[in-house]
Amino acid sequence: MPSVIVLLAWMIVPLVMTVWFSFQYYNLVNPEAAGFAGLDNYEFLVTDPDFWAALTNTVILLGSVLVITVGFGTLLAVLFDQPFPGRNIARLLAISPFFVMPTVSALVWKNLLMHPIYGVLSVAMRAVGLEPVDWFAQYPLASVIAIVSWEWLPFALLILLTAVQSLDHEQREAARMDGAGAIAQFFFLTLPHLSRAIGVVVMIETIFLLTVFAEIFVTTSGGPGNASTNLAFLIYARALLQYDIGGASAGGVVAIVLANIVAFFLVRSIARRLEV
Amino acid sequence: MATLTLRDLRKNYGPMEVIKGVSLDVADRELVVFVGPSGCGKSTLLRMIAGLEAITAGELQIDGQRVNELGPADRGLAMVFQSYALYPHMTVRQNMGFALRLARVPRAERDRKVDEAARILQLEPYLDRRPKDLSGGQRQRVAIGRAIVRQPRVFLFDEPLSNLDAALRGQMRIELSRLHEELNATMIYVTHDQVEAMTLADKIVVLQAGRVEQVGSPLDLYHRPENLFVAGFIGSPQMNMLPATVQEAGPSGLAVALASGTRIVAPVAAGSANQGDSVTLGIRPEGLRLDPDGPIGGEVRLAERLGGLTLLHVTIEDGRQVTVQIEGSDLTRPHETVRLSVNPVACHVFDQSGRAFTHLLKHSLAA
Ligand SMILES: Nc1ncnc2c1ncn2[C@@H]1O[C@H](COP(=O)(O)OP(=O)(O)OP(=O)(O)O)[C@@H](O)[C@H]1O
Ligand SMILES: [Mg+2]
């Protein structure tokens with residue numbers, strides 16, 4: 001019992017404090033302007049174009065990474081399920097990005113791959129006579145999406161590959177006897193069989209993707225402008241760059257609400273699928 | 001409306017030969033059963049016929065056409081798997097209609113065929129359920145229904161009843177017989193269950209280690225086994241095998257002596273047997289009778305009373321154990337000494353290589 005209370009306190013106290021601060025004027029560089037703010041922080045937030053941009057970016061980032069990782073993850077899982085020489089090594093290589101820290105992988109992408117002068121991509125493009133692109137300046141959000149997808153693809157692949165391998169091979173043979181080619185087998189057997197695993201991948205990734213931070217911090221710092229700022233980065237910027245704890249807390253509350261809404265729908269749809 | 005011909009079929013997995021040259025003719029509307037011990041290659045052979053395994057060598061013909069190179073869907077066969085292999089996320093109706101859907105059969109016709117199959121299999125109340133909401137027997141019927149709907153040239157079954165309990169198995173066995181009659185279809189059926197093989201088959205193929213040991217009607221195999229393996233494999237309880245020595249060859253049969261010296265005359269052609277050769281005398285359990293004047297003496301070890309049948313396990317004079325099957329409820333008790341006589345018709349003699357000597361008596365039921 002006491003442990004449960006400690007645990008509860010440990011979870012509740014920061015939450016309550018966040019909510020509390022979100023109703024206070026609380027700026028670190030301006031201690032005089034303290035006191036109850038009512039909904040001012042929220043009003044300030046929703047009227048701030050940065051907030052809406054961040055919200056949109058968060059959703060775009062989440063949606064794109066989910067589509068990319070689940071799409072390619074499924075495709076690769078099916079491919080890696082076929083026997084071919086060197087399959088085990090290929091699997092290992094495909095899984096390995098998962099073990100790289102987000103900060104490190106972001107640095108690798110920034111400096112080795114996408115750097116406008118030294119990056120492998122620009123070198124390759126110059127080699128074929130194309131004008132290299134400054135990825136983080138011209139396509140900041142897309143670049144972040146690429147990095148985050150690269151980090152999460154192995155996770156999706158791992159879960160989906162396990163699921164593909166658990167498909168009963170007699171079912172596949174029955175489908176072959178029924179006249180199903182590779183494509184029909186994929187849509188009528190593999191995909192329905194994977195639906196539960198896809199649900200799990202989507203749910204877990206969503207929880208982490210709503211809070212992507214290191215990749216943005218290391219590469220674009222949310223810029224240029226607010227082009228690659230998501231909610232997590234906006235909160236950080238408000239709190240530690242503008243010292244506005246009240247505003248940051250309001251953003252945090254919005255993020256919590258958003259995460260809960262998404263989680264609610266996901267859990268419901270997955271729970272329904274588990275029943276089937 | 002289909003015949004099947006296997007010409008010296010072979011299958012290798014790497015350097016290991018699993019099917020070592022199987023030749024067989026399956027006539028139209030015949031129900032052929034493959035039996036054999038575990039690992040003998042029954043499933044492999046069936047899957048080669050189905051097109052799920054490539055044929056290493058030899059030729060497979062359906063209706064006289066070579067089909068080695070055709071894919072499983074193009075051979076016009078349907079298979080019922082041991083695990084049923086139903087598609088879990090589809091309803092019974094969708095499961096049964098899947099092949100037709102892939103073949104772009106119009107919906108109305110598809111539904112008509114599924115309904116027809118459901119009627120034959122008494123599955124109508126379950127058409128909108130998913131497989132997990134069905135009992136084992138019902139799933140089995142759906143798997144059969146999925147095969148029927150396609151109107152295949154040949155039905156293939158791989159141990160379809162082995163996941164069912166004994167009572168249901170008996171029921172499904174009768175159902176399959178009825179289905180075979182009703183559909184007038186050619187069927188190949190793999191099992192390691194004797195009773196299924198004996199009761200269902202028009203023709204049994206006994207396989208061992210990738211080779212055909214004998215092909216024949218169930219009673220053929222029972223009464224005229226060509227070798228020791230078939231004699232021991234077919235029949236339950238097993239045939240009694242006793243080592244013996246040839247004493248003399250006469251026109252009425254071969255006289256052999258058991259280790260105890262007991263002389264028994266078996267009505268088989270002597271062939272190349274010489275006096276003094278070691279042979280094996282095989283006697284079916286129902287070929288032994290309790291008889292106070294019988295030539296073989298022994299002591300009852302165990303009596304199994306099944307009601308309609310009694311099985312006595314008797315240790316005879318040379319120390320061997322034999323099984324005696326008696327009609328009705330016999331009251332002989334363990335540890336009683338008994339004497340046994342032998343019905344010559346149920347006697348078989350095998351030479352040292354295991355080949356049977358030809359029987360002189362024509363069996364009334366065997367072909
Ligand atoms: N993919 C494979 N690779 C190598 N060997 C195999 C393969 N499939 C089967 N075998 C071998 O082929 C032999 C025959 O197997 P098969 O499955 O046909 O036996 P079976 O007669 O059906 O046995 P059971 O009654 O146990 O089902 C076995 O010795 C098995 O080990
Ligand atoms: Mg088998």
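Modeller: Relative accessible area sorts residues into three groups: buried means under 20%, exposed means over 50%, and partly exposed lies in between. The model is predicted, and the values below are computed from it.

Colleague: Why is Asn184(B) called partly exposed?

Modeller: Asn184(B) has a relative accessible area of 35%. That value lies between the limits of 20% and 50%, so the residue is partly exposed. Asn184(B) sits in the loop that runs between α5 (166–183) and β8 (186–190) of chain B.

Colleague: What makes the backbone of Asn184(B) worth a remark?

Modeller: Its phi is positive, about 55°, although Asn184(B) is not a glycine. Most residues other than glycine have a negative phi. Arg29(B) is likewise not a glycine and has a positive phi, of about 65°.

Colleague: Where is Arg29(B) found, and why is Arg29(B) put in its exposure class?

Modeller: Arg29(B) is in the loop between β2 and β3 (31–35) of chain B. Its relative accessible area is 39%. This falls between 20% and 50%, so Arg29(B) is partly exposed.

Colleague: Which peptide bond is cis?

Modeller: The bond joining Ser236(B) and Pro237(B) is cis, with omega about 0°. Most peptide bonds are trans. Pro237(B) belongs to the loop between α8 (228–233) and β11 of chain B.

Colleague: Gln214(B) and Gln247(B) are both glutamines in strands. Why is Gln214(B) given its exposure class?

Modeller: Gln214(B) has a relative accessible area of 5%. Buried means under 20%, so Gln214(B) is buried. Its strand is β10 (residues 211–216) of chain B.

Colleague: What does the side chain of Gln214(B) reach?

Modeller: The side chain reaches the backbone nitrogen of Glu226(B) at 2.8 Å. A polar contact is a pair of N or O atoms within 3.5 Å, so this distance meets the limit.

Colleague: And why is Gln247(B) placed in its own class?

Modeller: Gln247(B) has 28% relative accessibility, a value above the 20% limit and under the 50% limit, so Gln247(B) is partly exposed. Gln247(B) belongs to strand β11 (residues 240–250) of chain B.

Colleague: What makes β8(B) a mostly covered strand?

Modeller: Five of its five residues are buried. Thr186(B), Ile188(B) and Val190(B) point one way, while Met187(B) and Tyr189(B) point the other way. For chain B with its 367 residues, the buried share is 53%.

Colleague: Which strands pair with β8(B) in the parallel sense?

Modeller: β3(B) pairs with β8(B) over four bridges. β7 (residues 154–158) of chain B pairs with β8(B) over five bridges. Two strands pair if at least two bridges are found between them, so both cases qualify. Val33(B) stands opposite Tyr189(B), and Leu156(B) stands opposite Ile188(B).

Colleague: Why are β13 and β20 of chain B said to stand at the edges of their sheet?

Modeller: The open sheet has five strands in the order β13-β12-β11-β14-β20 (chain B), paired antiparallel. β13 (263–266) and β20 (347–350) each have a single partner strand, so one side of each is left without a neighbour in the sheet. From one strand to the next the twist averages 40°.

Colleague: How do you know that β12 and β13 of chain B are paired?

Modeller: β12 (residues 253–258) and β13(B) share four bridges in the antiparallel sense. The requirement is at least two bridges, so they count as paired. Ala257(B) has Arg263(B) in β13(B) as its bridge partner.

Colleague: What makes the atoms of ligand 1 and Thr44(B) a polar contact?

Modeller: An oxygen atom of ligand 1 is 2.5 Å from an N or O atom in the Thr44(B) side chain. The limit is 3.5 Å, so the pair counts. A side-chain N or O atom of Glu159(B) lies 3.4 Å from an oxygen atom of ligand 1, also within 3.5 Å. The protein covers 59% of the 640 Å² of accessible area that ligand 1 has on its own.

Colleague: Which elements give two or more residues to the shell around ligand 1?

Modeller: They are β2 (16–26) and α1 (42–50) of chain B. The largest share, three residues, comes from α1(B). By class, the shell has four nonpolar, six polar and two charged residues.

Technical notes
Residues are numbered from 1 along each chain as its sequence is written. Chains are lettered from A and ligands numbered from 1 in the order in which they are written. This is a predicted model: local features need pLDDT of at least 70, side-chain atom pairs count only at pLDDT 80 or more; totals for chains, interfaces and linings use all residues. Side-chain values use heavy atoms; hydrogens and water are left out. Axes are lines fitted to C-alpha atoms, for helices over the stretch in contact, and angles run from 0 to 180 degrees between N-to-C directions. A polar contact is a pair of N or O atoms within 3.5 Å; within protein, one must be able to donate a hydrogen and the other to accept it, and residues adjacent in sequence count only if both atoms are side-chain atoms. Accessible areas come from the Shrake-Rupley method with a 1.4 Å probe; for residues, only the protein chains shown count as cover. Ala, Val, Leu, Ile, Met, Phe, Trp, Tyr, Cys and Pro count as nonpolar, Asp, Glu, Lys and Arg as charged, and the others, Gly among them, as polar. Buried means under 20% relative accessible area, exposed over 50%, partly exposed in between (1.4 Å probe, protein chains only).
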